[in-house]
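Biologist: Hey, could you pull up that model so we can walk through it together?
Modeller: Sure, here it comes.

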Amino acid sequence: MKQSTFQAKGKMIMKIGILGTGNIGTTLVRKLSEAGHEIKVANSRGPETIDPLILTPGVRATTAQDAAKDVDVIILSIPFARHSEIKSLLAGVPEDTVVIDTANYYPMRDGVIDAIEAGQVESLWVVEQLGRPIAKAWNAIGARAFAELGAAAGSPERIAIPVAADRARDREVAMRLVEETGLDAFDAGPLSESWRQQPGSPVYCTNLKKGDMGAALASAEKSRLPKRRDLASAVIQERFGLENISNSPAETLVALNRAIYM
C-alpha cells in the first residue's frame, strides 16, 4: 500500500474516497469509518448536500475530484450508466490505487447498453469506461441487508458476498474491506467470471453463507440471468417502486431472489 497507510493495533488503516451517497455508499461510509479508516465522501451534487449525519469522526464531505486524490482506495457507488462519465475524474489517479465498483446494470433504470445486452460482462464494460482495473464487491447484497445484517467474524449468521478482480492486490484489499463491513468475502476469481455475481445469479442478493457460495457461483447460467433479473425487478418495482429495487425489505428481497435465481 501507499505510504499514507499505517498500522494501528495490528490493522492497516487506509485513506478511502467514496463516490456516491446512495444506500450502499452511505452504509460503506458508516461501516468503514467505524473500522477506523479515513473517509472522504462525495456525490454529484456537492459536499453541502451530503447528510451531516454520516459525517462522523474520520469522515469528511468533499468534491468528487478531491475524493479521488491522495487516497489508497476509491469506491464507486454510483448509478451504473454514470461510469462512462467519470474517466477524466480518474485520469490522474496512480495505477496502484485500488478502485472498487459496487454497481449493477438494470436496463429499466440505466437505459439499454448495447454491449452488455450483447453479452459483455458488466465489470469488463466498467473497465473499458474507466480505462483502468477494478475490483467488484458489495454489488451482490441488498442495501437493507448490508445496512442491517452485518455480523462479527465467525458468527454463524454472517453473510458472504463474492469479490472479483484481476490484480492480486485489488482482490486482497477489496476482500479485507468486505470483511471489515461485517461480511465474509469469497474470492470469485477474475473479472471475466464476475457475470456469476450479476443480477439474476444464484448469489445475487440471496444472503448465502460462505460454505454455499462456491457451488452457487458454479451453478450460474449466463444466458438465463437477464430474464431472471427482469422478472424479479418487475415484481419489486410493482410492489415497492423502481427506486427500491435494491432497498426493499431484506427478507422480501431474499425470498423472492431465492425463488427465482436458485
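Modeller: We'll go from the overall fold to the sheet and then to some of its strands.

Biologist: Before we start, what kind of model is this?
Modeller: It's a predicted one.

Biologist: OK. How many helices and strands does the chain have?
Modeller: The chain has 10 helices and 10 strands. Its radius of gyration is 17 Å and the globule rule gives 18 Å for 262 residues, so the chain is as compact as a globular protein of that length.

Biologist: And what does the C-alpha trace span along its principal axes?
Modeller: About 45 × 40 × 35 Å.

Biologist: What share of the residues is buried?
Modeller: 54% of the 262 residues are buried. As for the surface, the accessible part comes to about 11200 Å², and carbon and sulfur atoms account for 52% of that.

Biologist: What about charges: how many positive and negative side chains are there?
Modeller: There are 31 positive and 32 negative ones, and the centres of the two sets lie 2 Å apart.

Biologist: Switching to the sheet. In what order do the strands come?
Modeller: The order is β5-β4-β3-β6-β7-β8-β9-β10, eight strands in an open sheet with mixed pairing. The edges are β5 (59-61) and β10 (184-187), each of which pairs on one side only.

Biologist: What does β5 pair with, then?
Modeller: With β4, residues 38-42: the two run parallel and are joined by three bridges. One residue pair to look at there is V41, whose bridge partner in β5 is A61.

Biologist: Now β7. Which strands does it pair with?
Modeller: On the β6 side (residues 73-76), the pairing with β7 is parallel, over four bridges. Strand β8, residues 135-136, also runs parallel to β7, with two bridges between them.

Biologist: Which residue in β7 stands opposite I75?
Modeller: That's I100. Over in β8, K136 is the bridge partner of D101.

Biologist: Which way do the β7 side chains point?
Modeller: V98 and I100 point one way, V99 and D101 the other. That's the general pattern: side chains in a regular strand alternate between the two faces of the sheet.

Biologist: Are those four buried or exposed?
Modeller: V98, V99, I100 and D101 are all buried, with the cut-off for buried being under 20% relative accessible area.

Biologist: Last one: among contacts between residues at least 6 apart in sequence, what percentage join residues at least 24 apart?
Modeller: 69% of them do.

Definitions and conventions. Residues are numbered from 1 along each chain as its sequence is written. This is a predicted model: local features need pLDDT of at least 70, side-chain atom pairs count only at pLDDT 80 or more; totals for chains, interfaces and linings use all residues. Side-chain values use heavy atoms; hydrogens and water are left out. The radius of gyration is taken over C-alpha atoms; the globule rule is 2.2 Å times the number of residues to the power 0.38. Buried means under 20% relative accessible area, exposed over 50%, partly exposed in between (1.4 Å probe, protein chains only). Contact means heavy atoms within 4.5 Å. Accessible areas come from the Shrake-Rupley method with a 1.4 Å probe; for residues, only the protein chains shown count as cover. Lys and Arg count as positive and Asp and Glu as negative; His and the chain ends are not counted. The place of a charge is taken as NZ of Lys, CZ of Arg, CG of Asp or CD of Glu. Two strands pair if DSSP finds at least two bridges between them.
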